[in-house]
Amino acid sequence: MALKRRCLVPNRLRINAKIIVAFQGDEHRVLRDGCVVIDDGEIQHVGKDYDGAVDAVVDAGERVVTPGFINTHCHMAGSPLDKSFIEDVGSRQFYLSGLPTMLKARGGAMTDTDRRACVDYSAAELIRTGTTTVMELGGIGDYVADAIEQAGLRAYIANMYASASWVSINGKQVGYEWDEAVGLEDFRKAVKLIERIDGRANGRIRGFIGPAQIDNCTEELLRMSSQASEEMQVPLALHTSQAVFEFQEIVRRHGLTPVEWLESIDFLSDRCILGHVIYPAGHSWVNFSGDDLAILAKHQASVAHATWVFNRRGVAMESFPAYLGAGVNVCLATDTCPQSMIEAMRWSAVVGKIMIRQTELSTAADAFNAATLNAAKMLHRDDLGRISMGAKADLLFWDTSSTFMVPLRDPIKNIVYNATAEDLKDVMIDGEWVMRDGQVLNVDERSVSGKLQQAGERVWSSVDANNAESMDELSPQTFPDFE
């Protein structure tokens, strides 16, 4: 990742803005014609005015200033290569999931060079689309930490590990190849990663525990993971109830839903965030009774809701407002491409309305809170996801004069339902500018985009060479070639 230039910020900076989405009491509030004062990466003051001394003043003019978004489930080292591959396809045999077939083929064809190209590209994409804190689940955590530090992002990083991997049996059944010793060794390595990286970059880089998928982990591995999370006081993430075949497999093994089983082995806690939980008990696709949402709420466990990865396959959470109504702490995430929290908020709100058939629920506020305050709660961080005294200076600056942001009456509705990445003009993380006037400062975007294209071409040809099905058989081109 090539360094372009850092935009230094004075020690004590005052930012004046027409609209600031500030935090007051226990909620976001809209502060009009106010200011934010920042010192050493931390917000020192938010209000109508400030009479103290500052080193410099920035006039944000007509910009809307909001807290940065917390992306709670991301795969930086692979997701960019889902683009133009994973859409419009899905095996009915696996209830439209691409996990045991397409994603396994893509992952198996990738080299470390390809993964690094994805990470470098992702760092720029995340900043450009509103992520200031990302929870990265992957396998090259040391490289991710370097890329994150260079780009200026804030991140929690986990190297995933598992006791087994999926295999597709004749394309009709999901099987499991078990190697429990590898899972235990990779768990130990994942803990060592946290010890190496935690606290780097002025505390912007931290680690967390990330066993991969519930059906690919033994009870022993999950219990060890939960214990490590508690001892190290770090988050604990696990893909759970993300596929029908996985739900059915856990029921077959234990006679319990995935969430029920996790409760039975003491896995759930207020540091636990479950990836997806798109198929809880009661979902129409699994048709299995129970009250998983009540269990999650009881244990204060959170859900990382990455709506687009399912919506593009015709699957939806039933429903976003129902989870909130049950008291579940729902956070937002991207998981796949596009790695845009702007899109994550929009699709979460709109699909939530569709599923519940109401417009007054699944609101812009629900989506915005899930991208900020809910995620900060899960991380046990009252200094993230808000603009308030003592919070980290992780700020987004939105252009209110753009085609998609005018006319402006309610800034949150405009951002959730109308804004595009082009409307996000400036990004500050930890009190430093990482994007100014639409330019990502610490990543050479042209270079990383070129390297990602090269990685894609290598992977597509490798899939053709090393799999029973070619790339075009797995994911046919939309239109045939011109002859």
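Helices here are DSSP runs of H or I with at least four residues, numbered from the N terminus. With that in hand, let's work through this predicted model.

**Exercise 1. Find alanine 375 and decide whether it is buried or exposed.**

Step 1: Locate it. Alanine 375 sits in helix 13, which covers residues 373-378.

Step 2: Check the accessibility. Buried means under 20% relative accessible area. Alanine 375 has 0%, so it counts as buried.

Step 3: Look at what surrounds it. Skipping neighbours within four places in sequence, alanine 375 is in contact with Ile70, Thr72, Cys331 and Ala370.

Step 4: Try a distance. Glutamine 242 is 133 residues away along the chain, and its C-alpha atom lies 20 Å from that of alanine 375.

**Exercise 2. Work out how the radius of gyration of the protein sits with the globule rule.**

Step 1: Take stock of the parts. The protein has 16 helices and 19 strands.

Step 2: Compare the two values. The radius of gyration is 22 Å, close to the 23 Å that the globule rule gives for 483 residues, so the protein is as compact as a globular protein of that length.

Step 3: Add the overall dimensions. The C-alpha trace spans about 70 × 55 × 45 Å along its principal axes.

Step 4: Look inside. Buried residues make up 57% of the 483 residues. Among contacts with a separation of 6 or more, 75% join residues 24 or more positions apart.

Step 5: Look outside. The accessible surface comes to about 19700 Å², and carbon and sulfur atoms account for 47% of that.

Step 6: Finish with the charges. There are 47 positive and 67 negative ones, and their mean positions are 3 Å apart.

**Exercise 3. Test the length of helix 2, then say how enclosed it is.**

Step 1: Get the expected span. Helix 2 covers residues 112-128, and at 1.5 Å a residue its 17 residues should span 24 Å.

Step 2: Compare with the model. The end C-alpha atoms of helix 2 are 25 Å apart, which agrees.

Step 3: Count the buried residues. In helix 2, 12 of the 17 residues are buried, so the helix is largely enclosed by the rest of the structure. Among them are Cys118, Val119, Tyr121, Leu126 and Ile127.

Step 4: See what comes next. Helix 2 is followed by glycine 130, which has a positive phi near 105°.

**Exercise 4. Which elements do the buried residues of helix 4 pack against?**

Step 1: Check the helix. Helix 4 (residues 180-197) has 18 residues and reaches 26 Å from first C-alpha to last, close to the 26 Å expected.

Step 2: List the buried residues. They are Gly183, Leu184, Phe187, Ala190, Val191, Leu193, Ile194 and Ile197.

Step 3: Think about direction. An α-helix has 3.6 residues a turn, so residues three or four places apart point the same way.

Step 4: Name the partners. The buried residues of helix 4 pack against helix 3 (141-151), strand 8 (154-159), strand 11 (205-207) and helix 5 (219-232).

Step 5: Look just past the end. Glycine 199 takes a positive phi of about 100° there.

**Exercise 5. Where do the cis peptide bonds from glutamate 318 and cysteine 337 lead?**

Step 1: Recall the usual pattern. Most residues other than glycine have a negative phi, and most peptide bonds are trans.

Step 2: Take the bond from glutamate 318. This cis bond leads to serine 319, with omega near 0°. Serine 319 lies in the loop between helix 9 (307-311) and helix 10 (320-325).

Step 3: Take the bond from cysteine 337. This cis bond leads to proline 338, with omega near -5°. Proline 338 is in the loop between strand 15 (329-332) and helix 11 (341-356).

**Exercise 6. Tyrosine 95 and histidine 276 have a positive phi: where does each one sit?**

Step 1: Start with tyrosine 95. Its phi is near 55°, and its place is the loop between strand 6 (69-74) and helix 1 (99-109). At 35% relative accessibility, tyrosine 95 counts as partly exposed.

Step 2: Move to histidine 276. Its phi is near 90°, and it belongs to strand 13 (residues 272-276). With a relative accessible area of 2%, histidine 276 is buried.

Key:
Residues numbered from 1 in each chain as written. Predicted model: local features only at pLDDT ≥ 70, side-chain atom pairs only at ≥ 80, totals over all residues. Heavy atoms only, no water. Helix = DSSP H or I, 4+ residues; strand = E, 2+ residues; numbered from the N terminus. Rg over C-alpha atoms; globule rule 2.2 N^0.38 Å. Buried < 20%, exposed > 50% of the residue type's maximum accessible area, 1.4 Å probe, protein only. Contact = heavy atoms within 4.5 Å. Areas by Shrake-Rupley, 256 points an atom, 1.4 Å probe, with all protein chains shown as cover. Lys, Arg positive; Asp, Glu negative; His and termini not counted. Charge placed at Lys NZ, Arg CZ, Asp CG, Glu CD. Expected span 1.5 Å × (residues − 1).
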